[in-house]
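Colleague: I would like to learn how to read the features of a model from its atoms. Can we take them one at a time?

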Amino acid sequence: MKKLFIMAAVLTIGSHSFCYNAREIVGEKNYEILQKEGKIQLNRFNDEDNDLELLPDTEISRKLFEGWKNHNLTSMAGENLYLVPKNGSSIKDVSVILRSVSRLEGTTYYSNRKKRTEVLYKNAYCIKNADDRTRIPDFTQGNADGQVQYCVLDDNSLGKTNYRISYMQSENEVAAEFTNVTPVSYGPIKAVSEEKLLIGAVFIDCGDEYIVYMAERANFFNIGFLEGKVKNSLLSRLEAIYGCFVKQIGGKL
């Protein structure tokens, strides 16, 4: 009987997925802020230190974002950290939505310049490769780890840009990294060269809640009076993309 009890206990423990402790991976101070505010945001410019201060201490977070230092993107850095309830959703649900690129179409954002809400992405869809904009379906099957998609995001302010999206997934984390593979333009002006804009998102299973980390780094040209507008346009994308991801998980978050 004792052996059977021990075996049953081991099987029961093994049947539960491992999840991170939110307080431990973001630190006591940040976790207390997240509980009160739901979000922490940090923006830096001309950031020669090239650090990400809010990066959670998890395997995929480190693997994805610490590699950004090699790109030396110091003109601008944006970090957003969120705490959101799971309400019955899973990492598998999040994995599907992060790969559902077409659902970014119609995403809205608040334009500080126009003081109103506007559509961010007029069109959003997957394409054959970095150079071929032939539209193909989103690929959302199986585990996302190691998958790569290419897409077009037709931005309200920044025009059409091709991105490579690379994915990582484990039992308790899923992440997506967007890299521009064509230049980003502000009107007729090329603001960001190819491979000089990175946007990353990681959802971390912490039991009844997710820690969500969004980050963005970029190098852009010195474009005088337009520089502030480019900064605001790029940074506002983090909040908008996050909002779209959260809404699209079947209303569970």
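Colleague: In which strand is the place of Val 192?

Modeller: Strands (E, at least two residues) and helices (H or I, at least four) are DSSP runs, numbered from the N terminus. Val 192 sits in strand S11, residues 189–192. This is a predicted model, where local features need pLDDT of at least 70 and side-chain atom pairs count only at pLDDT 80 or more, while totals for chains, interfaces and linings use all residues. Residues are numbered from 1 along each chain as its sequence is written, and side-chain values use heavy atoms, with hydrogens and water left out.

Colleague: Does Val 192 count as buried or exposed?

Modeller: Buried means under 20% relative accessible area, exposed over 50%, and partly exposed in between, with a 1.4 Å probe and protein chains only. Val 192 counts as buried because its relative accessibility is 1%.

Colleague: With which residues is Val 192 in contact, leaving aside neighbours within four places in sequence?

Modeller: Contact means heavy atoms within 4.5 Å. On that basis Val 192 touches Asn 180, Pro 183, Val 184, Leu 197, Asn 219, Phe 220, Phe 221 and Leu 234.

Colleague: Leu 234 makes me think of cores. How many residues has the largest nonpolar core?

Modeller: A nonpolar core is a set of buried Ala, Val, Leu, Ile, Met, Phe, Trp, Tyr and Cys residues joined through side-chain atoms within 4.5 Å. The largest one has 49 residues, and Leu 104, Leu 153, Phe 178 and Leu 234 have the most contacts inside it. Helix H6 gives the most to this core, with ten residues. Apart from it lies another core of 25 residues, including Ile 40, Phe 65, Leu 198 and Cys 206. Back in the largest core, Leu 104 is in contact with Tyr 121, Ala 124, Leu 153, Phe 178, Ile 241, Cys 244 and Phe 245, leaving aside its neighbours within four places in sequence.

Colleague: Cysteines appear there. How many disulfides does the structure hold?

Modeller: A disulfide is a pair of cysteine sulfur atoms within 2.5 Å. The structure holds zero. The sulfur of Cys 126 is 6.1 Å from the closest cysteine sulfur, in Cys 151, so the two are too far apart for a bond. Cys 244 is in no disulfide either, as the nearest cysteine sulfur, that of Cys 151, is 12 Å away. Cys 126 counts as buried at 1% relative accessibility, and Cys 244 counts as buried at 7%.

Colleague: Now empty space. What volume has the largest cavity, and which residues line it?

Modeller: On a 1 Å grid over the protein atoms alone, a cavity is a set of points where a 1.4 Å probe fits but cannot get out; a pocket is an open set with protein on both sides within 12 Å along at least five of seven lines, and lining residues have an atom within 4 Å of a point. Points are joined across faces, edges and corners, and a volume is the space filled by probe spheres set on them. The largest cavity has a volume of about 70 Å³. Its lining includes Tyr 121, Leu 153, Asp 155, Glu 216, Leu 234 and Arg 237. Strands S7 (148–155), S8 (159–169) and S12 (197–205) and helix H6 (227–248) each give two or more residues to that lining.

Colleague: And how much space lies in the largest pocket?

Modeller: About 210 Å³. Of the 15 residues that line this pocket, Ser 111, Asn 112, Arg 113, Lys 229 and Ser 233 are the closest to its centre. H6 gives the most to the lining, with five residues.
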